[in-house]
Amino acid sequence: MSLAGLFPIDKWNFKSQSILTDLPEDEYAELCSHMEEQRYRKGDVIFREGTVASGIFFIKKGKIKKYHVDHKGKEQIIYVANKGELIGYHGILAGERYPDAAAALEECLLSFIPKEDFMATLNRSDVLPRRLLKTLSHEFTVLANSISVFAQRSVKERLAIVLIILREKFKEETPSGNDILINLSRSDLANMAGTGNENITRFLSEFKATGILTTQGKNICIKDVKQLIKLSGYGNIR
């Protein structure tokens, strides 16, 4: 089921897939010539917040969580990046350290492009700087929307939003006709929704009792996304 007209999914996605799409052939070939494939298992850290930004990562397979860790060691997940997206470019472009951390949510295959090689292509390109500027501008809109919504919505509404977003993330690699299964730990769900594990368990049970979703182990299957959208506070969108 498409969310068009029902839920503003574009306000929750960074769209970094567009950065490398249809680049001039010579520029894309140059970037590819410097790519080094790296495999990560579920839970592996790709880079840590505050470490030297050594390059960017193109996701060829899997899902990556971008997150901050507070002074108590608690994670706050700010984004889930999917196949085709880039991560790690914020620190490179700012000439600073990585502003957040990234870890694999499942088995992942990434292509690493060293900082020097990426910047060399960027400095010679007429297209890539405009793509990055457009993407970064949209990311600001996404983050501003996220801050506003999560400051004003209840825990139940936030969880509903998170489940809708994750449904779209897991939908992309689900074969047509198959159930879309969200495979994420309750702890990661809590860190995305900004709440505790006990609230996640309680509201998932409530959603399950009303037929909105089913669960099997860590897997969550959304059965009534329209009802979930109503619970998210976006039910009046046309």
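# A guided tour, strand by strand and core by core

Begin at K66, which stands opposite A102 in strand β7. This is a predicted model, so take each stop as a feature of the prediction.

**Stop 1: the strands around β4**

Stay with β4 (residues 64-69). It pairs with β7 in the antiparallel sense, over four bridges. Now select β5. β4 and β5 are also antiparallel, and six bridges join them. Pick H68 to see one of these bridges: its partner in β5 is Q76. Then follow the chain through the β4-β5 hairpin. Five residues lie between the two strands, and G73 has a positive phi near 85 degrees.

One more selection here: K65 and Y67. The charged end of K65 sits over the ring of Y67, 5.3 Å from the ring centre.

**Stop 2: a lysine in a loop**

Select K63. You will find it in the loop between β3 and β4. Is K63 buried or exposed? Its relative accessible area is 2%, so K63 counts as buried. Show what surrounds it. Beyond its neighbours within four places in sequence, K63 is in contact with several residues, among them V80, A81 and N82. Others on the list include E106, C108, K169 and E173.

**Stop 3: the open sheet**

Next, colour β1, β8, β3 and β6. These four strands form an open sheet in the order β1-β8-β3-β6, with antiparallel pairing. Which strands stand at the edges? They are β1 (36-40) and β6 (86-87); each has a single partner strand, so one side of each lacks a neighbour in the sheet.

Zoom in on β3, residues 55-61. Five of its seven residues are buried, so the rest of the structure largely encloses this strand. On one side, β3 pairs with β8 through six antiparallel bridges. Select G55 and look across to P114 in β8. With β6, β3 shares two bridges, again antiparallel. Here F58 stands opposite L86, and F57 stands opposite I87.

Now add helix α3, residues 115-124. The helix lies across β3 and β8, and runs at about 65 degrees to β8.

**Stop 4: aromatic rings**

Show the aromatic side chains. The model has six aromatic pairs. Take F7 and Y234 as one of them. Their ring centres are 4.9 Å apart and the planes meet at 75 degrees, an edge-to-face arrangement. How many residues apart are the two in the chain? The answer is 227: F7 is in the segment before α1 (25-33), and Y234 is in the segment after α8 (225-232). F7 and Y234 are both buried.

Move on to F57 and F112. The centres of these rings are 5.0 Å apart and the planes are at 50 degrees, so this pair is tilted. F57 belongs to β3 and F112 to β8, so the pair ties together parts 55 residues apart in sequence. F57 has 5% relative accessibility, so it counts as buried. F112, at 11%, is buried as well. Add F47 and Y98 to the selection: ring pairs link F47, F57, Y98 and F112 into a cluster.

Before leaving the rings, return to Y234 and add R153. R153 lies over the face of Y234, 4.8 Å from the ring centre.

**Stop 5: two nonpolar cores**

In soluble globular proteins, nonpolar side chains tend to be buried together. Here, the largest nonpolar core has 39 residues. Which of them touch the most other members? Select F7, L163, L166 and L189. Several elements give two or more residues to this core, including β5 (75-81), β7 (101-104), α6 (186-193) and α7 (197-209). Helix α5 (155-171) is also on that list, and gives the largest share, nine residues.

Centre the view on L163. Leaving aside its neighbours within four places in sequence, L163 is in contact with I182, L189, L204, F207, L213, I220, I222 and L228.

For the last selection, pick L31, I92, A102 and L132. They belong to a second, separate core of 32 residues. A102 closes the loop of the tour: it is the residue opposite K66, where you began.

Notes: Residues numbered from 1 in each chain as written. Predicted model: local features only at pLDDT ≥ 70, side-chain atom pairs only at ≥ 80, totals over all residues. Heavy atoms only, no water. Pairing = 2+ DSSP bridges. Contact = heavy atoms within 4.5 Å. Axes fitted to C-alpha atoms, helices over the stretch in contact; angles between N-to-C directions. Phe/Tyr/Trp six-rings, centres within 6.5 Å; stacked < 30°, edge-to-face > 60°. Buried < 20%, exposed > 50% of the residue type's maximum accessible area, 1.4 Å probe, protein only. Lys NZ or Arg CZ within 6 Å of the ring centre and 35° of its normal. Core = buried A, V, L, I, M, F, W, Y, C linked by side-chain atoms within 4.5 Å.
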